[in-house]
Protein chains: 2
Amino acid sequence: MRADARRNQQRILDAARAMFSEHGTAAPLDDIARRAHVSIATLYRRFPDRAALCRQVAIEGYETVLGEARAAQEVAEEGGPDAPLRAVERFLTGVVDQRSRLVLPLFGGPAFHDREAIVLRHRITGSLEAVLARGRERGAVRDDVNSIDLLMAAAMISRPLPNTPPEWLDTTARRHIAVHLDGLRPGATHHLPGPEPEHAFSRETPTAAENAPTEHRA
Amino acid sequence: MRADARRNQQRILDAARAMFSEHGTAAPLDDIARRAHVSIATLYRRFPDRAALCRQVAIEGYETVLGEARAAQEVAEEGGPDAPLRAVERFLTGVVDQRSRLVLPLFGGPAFHDREAIVLRHRITGSLEAVLARGRERGAVRDDVNSIDLLMAAAMISRPLPNTPPEWLDTTARRHIAVHLDGLRPGATHHLPGPEPEHAFSRETPTAAENAPTEHRA
């Protein structure tokens with residue numbers, strides 16, 4: 001893709017994310033093109049339909065979360081018994097800080113099951129599983145929490161609540177994270193009820209995804 | 001209000017809650033009347049405009065949360081050092097169980113600042129403050145968490161995440177609550193960052209509310 005085509009694509013994605021956040025995923029494509037300062041023809045050349053645009057916004061969201069999960073994994077590998085919990089803190093606060101990039105999947109819109117989406121989700125849970133494994137090894141993290149619990153916690157904590165001023169959202173999220181980190185220490189008295197979550201998407205395997213439809217790839 | 005008028009009003013509110021949940025607060029009033037099996041004239045007689053209808057759905061939501069907060073307060077007053085944490089558990093799981101009644105305020109819509117809304121919110125935080133005070137007294141709850149933290153936790157945990165099957169939502173919420181309860185025990189190593197949240201509405205006082213507009217009362 002040429003540099004100017006890539007720039008246009010990124011402008012459209014940024015405009016779509018902003019419009020989806022303000023007006024939902026039914027926001028008119030005309031308005032998205034206008035906000036991106038491109039013609040509607042340019043938008044359709046990059047994204048043949050709304051589903052293709054939604055999908056790419058969701059994929060960018062997963063890439064953002066994966067970046068945070070990998071940064072956390074690096075922290076967990078550092079020395080010291082407190083590194084794994086610092087890694088979880090890094091992940092949860094990182095996702096909160098990036099929440100404006102996570103309009104999809106956090107705010108709704110369709111779920112995507114093509115190969116790229118499945119592989120990204122597997123990499124995210126893989127990195128988080130590595131963080132938790134390191135924590136259990138070092139006796140720093142309770143042993144009944146899994147990567148899906150952690151990912152769902154990040155989603156709950158980062159999703160903005162209505163009628164809440166932005167400055168309170170951040171304070172509230174950071175305070176909730178502090179309580180959560182203390183709850184993740186070993187020596188739990190409240191054991192996690194089952195069944196252990198393997199969220200629908202964790203049952204997807206990248207191998208199965210090889211045969212999944214890819215028609216929504218932008 | 002006569003019995004049939006009261007029944008109609010409740011039917012309209014139930015239909016509005018369902019429509020707001022599925023289509024947002026801009027859902028056509030005609031469709032709400034149809035779903036409630038009442039004429040649009042009956043709807044307008046009970047609720048002169050959309051704001052009045054939204055407000056009453058929100059008020060019913062607050063009443064539901066207040067019911068859960070008061071039930072928790074009763075549990076906290078029971079004997080034993082573990083009663084206060086059981087009370088918090090009662091509150092958080094109660095709100096999760098009632099989430100379909102909390103479409104507003106959880107899903108957006110305007111904030112209401114009339115006397116009835118303010119008094120309800122004060123009663124909710126008052127009951128939660130009593131639960132936490134009992135917990136601190138008995139050395140069962142960390143001393144840096146306040147009622148707004150607890151209310152925001154309930155909101156975060158009970159708000160459904162998109163693309164997540166209902167059965168997983170409940171499991172995920174219950175597991176998050178278990179971690180949170182362990183995090184609320186004394187002996188915290190992750191201290192809550194400031195500033196301590198006094199959410200916008202906690203600065204409202206019922207006295208100030210005496211002079212607040214009440215034009216939206218249904």
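Below, a biologist asks how certain labels on this predicted model are earned, and a modeller answers.

Biologist: What makes a value count in this predicted model, and how are residues and chains labelled?

Modeller: Local features need pLDDT of at least 70 and side-chain atom pairs pLDDT 80 or more, while totals for chains, interfaces and linings use all residues, and side-chain values use heavy atoms, with hydrogens and water left out. Residues are numbered from 1 along each chain as its sequence is written, and chains are lettered from A and ligands numbered from 1 in the order in which they are written.

Biologist: Why is A:C54 called buried?

Modeller: Buried means under 20% relative accessible area, exposed over 50%, and partly exposed in between, with a 1.4 Å probe and protein chains only. A:C54 has 3% relative accessibility, so A:C54 counts as buried. B:C54, with a relative accessible area of 3%, is buried too.

Biologist: How many disulfides does a search of the whole structure find?

Modeller: Zero, over all chains. A disulfide here is a pair of cysteine sulfur atoms within 2.5 Å.

Biologist: How many residues of chain A and chain B are in contact?

Modeller: Contact means heavy atoms within 4.5 Å. By that rule 55 residues of chain A are in contact with 54 residues of chain B. The two chains bury about 4400 Å² between them, 61% of it on carbon and sulfur atoms; buried area is the accessible area (1.4 Å probe) that two parts lose on being put together, summed over both. On the chain A side, A:M156, A:W168 and A:R175 lose the most area to chain B, together 18% of what that side buries.

Biologist: What makes A:R142 and B:D182 a salt bridge?

Modeller: A salt bridge is a side-chain nitrogen of Lys or Arg within 4 Å of a carboxyl oxygen of Asp or Glu. The side chains of A:R142 and B:D182 meet at 3.1 Å, N to O, so the pair qualifies. The rule finds four salt bridges across the interface of chain A and chain B. There are also 19 residue pairs in polar contact between the two chains, both residues at pLDDT 80 or more.

Biologist: Which helices of chain A supply at least two residues of the side that touches chain B?

Modeller: They are α6 (103-106), α8 (147-158) and α9 (166-183). α9(A) gives the most, with 13 residues. Helices (H or I, at least four residues) and strands (E, at least two) are DSSP runs, numbered from the N terminus.

Biologist: What makes the contacts of B:T164 with B:L161 and B:P162 polar contacts?

Modeller: A polar contact is a pair of N or O atoms within 3.5 Å; within protein, one must be able to donate a hydrogen and the other to accept it, and residues adjacent in sequence count only if both atoms are side-chain atoms. The side chain of B:T164 reaches the backbone oxygen of B:L161 at 3.4 Å, and the backbone oxygen of B:P162 lies 3.0 Å from a polar atom of that side chain. Both distances are within 3.5 Å. B:T164 is found in the loop between α8 and α9 of chain B, and at a relative accessible area of 12% B:T164 is buried.

Biologist: Why do B:E60 and B:R17 count as a salt bridge, and are they buried or exposed?

Modeller: Their side chains meet at 2.7 Å, N to O, so the pair is within the 4 Å limit. B:E60 lies in helix α4 and B:R17 in helix α1 (residues 3-23) of chain B, 43 residues apart. B:E60 is buried at 9%, and B:R17 is buried at 7%.

Biologist: Why are B:R35 and B:E22 called partly exposed?

Modeller: B:R35 has a relative accessible area of 38% and B:E22 has 49%, so both fall between the 20% and 50% limits. Their side chains also meet in a salt bridge at 3.1 Å, N to O. B:R35 lies in helix α2 (residues 29-36) and B:E22 in helix α1 of chain B, so the pair ties together parts 13 residues apart in sequence.

Biologist: How do you know that B:E137 is exposed?

Modeller: B:E137 has a relative accessible area of 58%, which is over 50%, so B:E137 is exposed. B:E137 forms a salt bridge with B:R134, the closest N and O atoms being 2.7 Å apart. Both lie in helix α7 (residues 115-137) of chain B, three residues apart, about one turn of the helix.
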